[in-house]
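Let's walk through this structure together, one region at a time. Keep the 3D view open beside the text so that you can find each residue as it comes up.

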Amino acid sequence: MSFTGAVKTYGAVRAVDGVDMRIAQGETVALLGRNGAGKSTAISLLLGLVQADEGTVELFGAAPERSVLAGRVGAMLQDSRAVPRVTVRELVSFVAGRYPAPMPVAQALELAGITDLAGRRVDRLSGGQTQRVRYAVALAGNPSLLVLDEPTAALDVEARRAFWRSMREYAGLGRTVLFSTHYLEEADAHADRIIVIDRGRVVADGTGEQLRRAAGGNLVSIDLDGRGTEGLTLLPGVRSMEVRGDRALLRTDDSDATVIALAELGAIRGLEVAPASLDDAFLALTAPEMEIV
Ligand SMILES: Nc1ncnc2c1ncn2[C@@H]1O[C@H](COP(=O)(O)OP(=O)(O)OP(=O)(O)O)[C@@H](O)[C@H]1O
């Protein structure tokens, strides 16, 4: 799957703004971003549901619509509506029947953990149950590529765990999986690679470890004690600074040099040095400019 300079605008909003990304067969990739970052729009482009204004999007070397029509893709979208009056089994069977080589319906229901809901009407289910039905629908065609837009939204802790187990089992069969999420831990724990998207652009692409490293080695934080932050970003090693209440958090590539310089300034009250976490990396990559000095 590839995006090359893909742009999709809605009026003045550049929802996807020049995205380049590639996903190889067999990879499990997380598309990570804040609300409105452009994840769903990127997924819509990938599925051929909307067309790029500029650039190209390809799926299995062809236009997305062709690969989708050929039954190579299964998708779980955020806003798909339940069809009234049919049962879960009827819906999953119907979808499976439209694919050239579907998985047995019982297996799709089992993988989605909804065997016990098979006879229930799909329009009378809870949010979490509906989400799992959507997952079964995505699996039904036994697709080479599984695309999941915020798959764990509305799932409770146990259902979430079961979902990830099942997704990994599916990925373990050599299938490609792309899922979007707001949750760093999910991306880190369940994807081979994380693509961070912000304001329609790819701002990072790598493993969780690579993202942590890219965000800068350490965070040095101090109490400001009412003093200003002037000059702190000029200290050795410091890449950026964030102020939270009365504390300054300095992202630094050389925490020793930063701490020595802070000591020379007499500014080491409440000093803490910690390795940058994936959370820090994500915030550094996507925080609104106002928060980063
Ligand atoms: N059909 C549409 N018409 C107009 N604007 C849209 C449309 N779809 C998306 N947008 C805008 O495009 C931007 C990206 O939205 P998108 O839904 O792709 O983000 P997202 O990362 O999936 O967000 P979320 O995590 O909240 O689902 C947002 O500013 C959104 O308001």
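## A buried start to a helix

Leu184 is buried, with a relative accessible area of 7%. You will find Leu184 in helix α7, which covers residues 184-190. The value of 7% falls under the 20% cut-off for relative accessible area, and therefore Leu184 counts as buried. If you would like a sense of distance, look from Leu184 to Asp223: these residues are 39 positions apart along the chain, and their C-alpha atoms are separated by 28 Å.

Please keep in mind that this is a predicted model.

## The chain as a whole

Stepping back, the protein chain holds ten helices and 13 strands. Its C-alpha atoms fill a box of roughly 70 × 40 × 35 Å, taken along the principal axes. The chain has 293 residues, and 48% of them count as buried.

A pair of residues helps to show how the chain spans that space. Gln107 lies in helix α4, and the C-alpha atoms of Gln107 and Gly245 are separated by 52 Å, with their positions 138 residues apart along the chain. Gln107 itself counts as partly exposed, at 37% relative accessibility.

Just before that helix, Pro104 sits in the loop between α3 (88-97) and α4. Is Pro104 buried or exposed? Pro104 counts as exposed because its relative accessibility of 51% is over the 50% cut-off. Pro104 and Val92 are twelve residues apart in sequence, and their C-alpha atoms are 9.8 Å apart in space.

## Around the ligand

Now let's turn to the ligand. It is surrounded by 14 residues, and the closest are Gly36, Lys39, Ser40, Thr41 and His182. By class, this shell has four nonpolar, seven polar and three charged residues.

Which atoms of the protein lie at short range from oxygen atoms of the ligand? The table sets out contacts with Gly38, Glu150 and His182.

| Residue | Part of the residue | Distance to a ligand oxygen atom |
|---|---|---|
| Gly38 | backbone N or O atom | 2.9 Å |
| Glu150 | polar side-chain atom | 3.0 Å |
| His182 | side-chain N or O atom | 2.8 Å |

Taken alone, the ligand exposes 630 Å², and the protein buries 61% of that area. The elements that give two or more residues to the shell are β2 (13-22) and α1 (39-46). Of the elements, α1 gives the most, with three residues.

## The second largest pocket

Another place to explore is the second largest pocket, which holds about 190 Å³ of space. Its lining is made up of Glu110, Leu111, Ala112, Gly113, Arg132, Tyr135, Ala159, Ala162, Phe163, Arg165, Ser166 and Glu169. Three helices each give two or more residues to this lining: α4 (105-111), α5 (127-140) and α6 (157-171). Which element gives the most to the lining? That is α6, with six residues. Sorted by class, the lining has six nonpolar, two polar and four charged residues.

## Two loop residues with positive phi

Most residues other than glycine have a negative phi. With that in mind, have a look at the backbone in two of the loops.

Phe60 has a phi near 50°, a positive value in a residue other than glycine. Its place is in the loop between β4 (54-58) and α2 (64-69). Phe60 is partly exposed, because its relative accessible area of 26% lies between the 20% and 50% cut-offs.

Arg199 also has a positive phi, near 50°. Arg199 is found in the loop between β8 (193-198) and β9 (201-206). With a relative accessible area of 40%, Arg199 is partly exposed.

## A side-chain contact at α9

To finish, find Ser255 in helix α9, which covers residues 255-264. Is Ser255 buried or exposed? Ser255 counts as buried because its relative accessibility of 13% is under the 20% cut-off. The side chain of Ser255 makes a polar contact with the side chain of Asn218, at 3.4 Å.

How values were computed: Residues numbered from 1 in each chain as written. Predicted model: local features only at pLDDT ≥ 70, side-chain atom pairs only at ≥ 80, totals over all residues. Heavy atoms only, no water. Near = heavy atom within 4 Å. Polar contact = N/O pair within 3.5 Å; in protein donor to acceptor, adjacent residues only side chain to side chain. Areas by Shrake-Rupley, 256 points an atom, 1.4 Å probe, with all protein chains shown as cover. Helix = DSSP H or I, 4+ residues; strand = E, 2+ residues; numbered from the N terminus. Nonpolar A, V, L, I, M, F, W, Y, C, P; charged D, E, K, R; others polar. 1 Å grid on protein atoms, 1.4 Å probe; cavity = no way out; pocket = protein on both sides within 12 Å on 5 of 7 lines; lining within 4 Å. Points joined across faces, edges and corners; volume = space filled by probe spheres on them. Buried < 20%, exposed > 50% of the residue type's maximum accessible area, 1.4 Å probe, protein only.
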